[in-house]
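Me: I have a structure here and some labels attached to its residues. Please explain how such labels are earned.

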Amino acid sequence: MRRWSRALTALVLAGAGITATTVSATAAERDQAATARCDVGWGSLTKVSRDTSYKPLTDIRAGQHECYDRLVFDVPTADGRPVGYRVAYVDKLFQDGSGEPVPVGGGAILEVRVAAPSYDPLSGKQTYPGRVGQPLRGVDVSGYRTFRDTRYASSFEGDTQIGLGVRARLPFRVFQWGDRVVVDVAHGWNAVR
């Protein structure tokens, strides 16, 4: 009777091992399929566009996608003309002008500078209501896979500066799409090649 019990236990455990292997293979297949869809030129080095239209920023929005989290800067007055930007990982975020530190939560900090002031350069009227050290207005990143925090740092000499707290130092890409500057940060290294 004990032999039957041992044999049955061994058979059940062997079956569990096969099931676990099958589940792992399915997850690996899903990762591979996601990687194929997200295969673009990503990296963790500084991304720069030197164009300087200096048209006013009107909004900043965030979204979630299968392979990455996205931050979008709306510059509708640019009329599709190139908008400058500089996006880079930094150890700490320091406010332009004053040099004061701006705390940003997360495992890593992306400093995002867009050559679009938060005010109209001609009238001085505010076009994006950012407050130094405060989260971005209307941007709630709770529940995001990669984004952890957003902080407005400044609008100084034609640039708007924000801090984007991310889970870790992950690959990202930056591009302009019409009147928008887009910053995508991958969910992980396996999401991109």
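What follows takes the labels one at a time; the model is a predicted one.

Me: Why is the pair of Trp-42 and Tyr-68 called tilted?

Reply: The ring centres of Trp-42 and Tyr-68 are 5.8 Å apart and the planes make 45 degrees. Centres within 6.5 Å count as a pair, and an angle that is neither under 30 nor over 60 degrees counts as tilted. Therefore the pair of Trp-42 and Tyr-68 is a tilted one.

Me: What makes this pair a link between distant parts of the chain?

Reply: Trp-42 is in the loop between α1 (2–37) and β1 (47–49), whereas Tyr-68 belongs to strand β3 (residues 68–74). The two are 26 residues apart. Trp-42 and Tyr-68 are both buried.

Me: Why are Tyr-144 and Phe-147 called stacked?

Reply: The angle between their planes is 10 degrees, with 5.9 Å from centre to centre. The limit for a pair is 6.5 Å, and planes under 30 degrees apart are stacked, so Tyr-144 and Phe-147 earn the label. Tyr-144 is buried, as is Phe-147. The count of aromatic pairs comes to four.

Me: How do you know that a charge sits over the ring of Trp-177?

Reply: The charged end of Arg-180 is 5.8 Å from the centre of the Trp-177 ring. The distance has to be within 6 Å, and the charge within 35 degrees of the ring normal. Arg-180 is listed as sitting over the ring. Lys-47 likewise lies over the face of Phe-172, at 4.0 Å from the ring centre.

Me: What makes β5 and β7 paired strands?

Reply: Strand β5 (residues 108–114) and β7 share seven bridges, in the antiparallel sense. At least two bridges are needed, so β5 and β7 count as paired. One of the contacts joins Arg-113 to its bridge partner Gln-161 in β7.

Me: How many bridges join β6 and β7?

Reply: Strand β6 (residues 147–156) pairs with β7 over eight bridges, also antiparallel. Gly-163 in β7 is the bridge partner of Arg-151. The two strands form a hairpin with two residues between them. Strand β7 (residues 159–166) is mostly covered, with seven of its eight residues buried.

Me: Why is Glu-157 called exposed?

Reply: Its relative accessibility is 63%, and exposed means over 50%. Glu-157 therefore counts as exposed. Glu-157 lies in the loop between β6 and β7.

Me: What is noted about the phi of Glu-157?

Reply: Phi of Glu-157 is near 50 degrees, a positive value in a residue other than glycine.

Key. Residues numbered from 1 in each chain as written. Predicted model: local features only at pLDDT ≥ 70, side-chain atom pairs only at ≥ 80, totals over all residues. Heavy atoms only, no water. Phe/Tyr/Trp six-rings, centres within 6.5 Å; stacked < 30°, edge-to-face > 60°. Helix = DSSP H or I, 4+ residues; strand = E, 2+ residues; numbered from the N terminus. Buried < 20%, exposed > 50% of the residue type's maximum accessible area, 1.4 Å probe, protein only.
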